[in-house]
Amino acid sequence: MAHPDVTPAAPAEAPATKKYSGALRIWHWGNAAVISGLLSTILFLKVIINMRGLLPKMQERLHEQGVEASKEQLRSIGGLVSHRIWDWHIYLGVTLAVLLGWRLVAELAAPALQRFAHRLRRAKEHQQDAPAESFRLRHSVLVKYSYLVFYLLLTVMVVTGLLLTYADDVEALHKIEHTVKEIHNVNMYLIIAFIVAHLVGVVWAELNKDKNITSDMIHGGEIRK
């Protein structure tokens with residue numbers, strides 16, 4: 001009895017490689033949340049809980065209720081609030097340091113196609129292969145280099161923050177505390193500038209040719225060959 005011809009099953013397609021690993025996506029959104037928290041603590045301390053501006057109003061409100069309090073008494077109460085917010089700032093700073101270590105480990109452990117060096121190299125190759133789109137691709141390369149600057153800023157922020165945390169306990173650190181604090185503060189403004197530029201760039205890209213950037217950072221995206 002003759003057997004009918006059996007068409008061999010087509011081999012299953014290999015799953016597409018994600019552009020961004022799960023570890024990188026967790027780092028990205030975790031890093032965004034922690035930095036937002038750090039900036040929020042500064043906002044509360046410098047703007048919302050500005051004791052210099054609040055003291056007269058607090059005295060006035062207490063006086064209306066028949067309570068008299070000196071500025072020194074109110075300042076000591078405000079100091080308790082400030083210390084609690086600074087504690088949260090320190091906790092978030094330590095979390096940022098952990099996330100920075102996470103980013104390094106994630107980069108070293110990622111497959112070659114998911115590493116930052118591969119994405120940078122591919123952007124340079126596309127720029128050479130498509131001269132008609134040189135402006136957009138050159139912009140893509142510059143953006144990737146800006147990420148290296150951001151990682152450097154994060155490193156400076158973490159290192160100076162940790163130095164300030166232990167400056168009161170280590171005499172050698174206490175001597176350079178003022179300089180470290182200045183570097184830390186300036187670095188904070190540079191990070192804010194980067195975040196603003198990054199958000200503007202993402203919106204601009206989403207509205208033009210480079211769509212789905214945000215979606216890719218959520219779902220992983222696919223590597224475009």
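**Reading a cavity, a core and a histidine**

Guide: The count comes to 1 cavity of 30 Å³ or more. This is a predicted model, where local features need pLDDT of at least 70, side-chain atom pairs count only at pLDDT 80 or more, and totals for chains, interfaces and linings use all residues. Residues are numbered from 1 along each chain as its sequence is written, and side-chain values use heavy atoms, with hydrogens and water left out.

Visitor: How is a cavity found, and what lines the largest cavity?

Guide: Rolling a probe the size of a water molecule over the atoms shows where empty space is left. A cavity is a set of points, on a 1 Å grid over the protein atoms alone, where a 1.4 Å probe fits but cannot get out; lining residues have an atom within 4 Å of a point. Here the largest cavity holds about 40 Å³ of space, the volume being that filled by probe spheres set on the points. Its lining is Ser21, Leu24, Arg103, Ala106, Glu107, Ala110 and Gln114. H3 gives the largest share, 3 residues.

Visitor: Which residues have the most contacts inside the largest nonpolar core?

Guide: In soluble globular proteins, nonpolar side chains tend to be buried together. A nonpolar core joins buried Ala, Val, Leu, Ile, Met, Phe, Trp, Tyr and Cys residues through side-chain atoms within 4.5 Å. This one has 20 residues, led in contacts by Trp27, Leu96, Phe150, Leu154 and Ile191. Helices H1 (22-48), H3 (71-109), H5 (134-165) and H7 (177-207) each give two or more residues.

Visitor: Is histidine 89 buried or exposed?

Guide: Buried means under 20% relative accessible area, exposed over 50%, partly exposed in between (1.4 Å probe, protein chains only). Histidine 89 has 14%, so it is buried. Beyond four places in sequence, histidine 89 touches Leu38, Thr41, Ile42 and His184, with contact meaning heavy atoms within 4.5 Å.

Terms used
Helix = DSSP H or I, 4+ residues; strand = E, 2+ residues; numbered from the N terminus. 1 Å grid on protein atoms, 1.4 Å probe; cavity = no way out; pocket = protein on both sides within 12 Å on 5 of 7 lines; lining within 4 Å.
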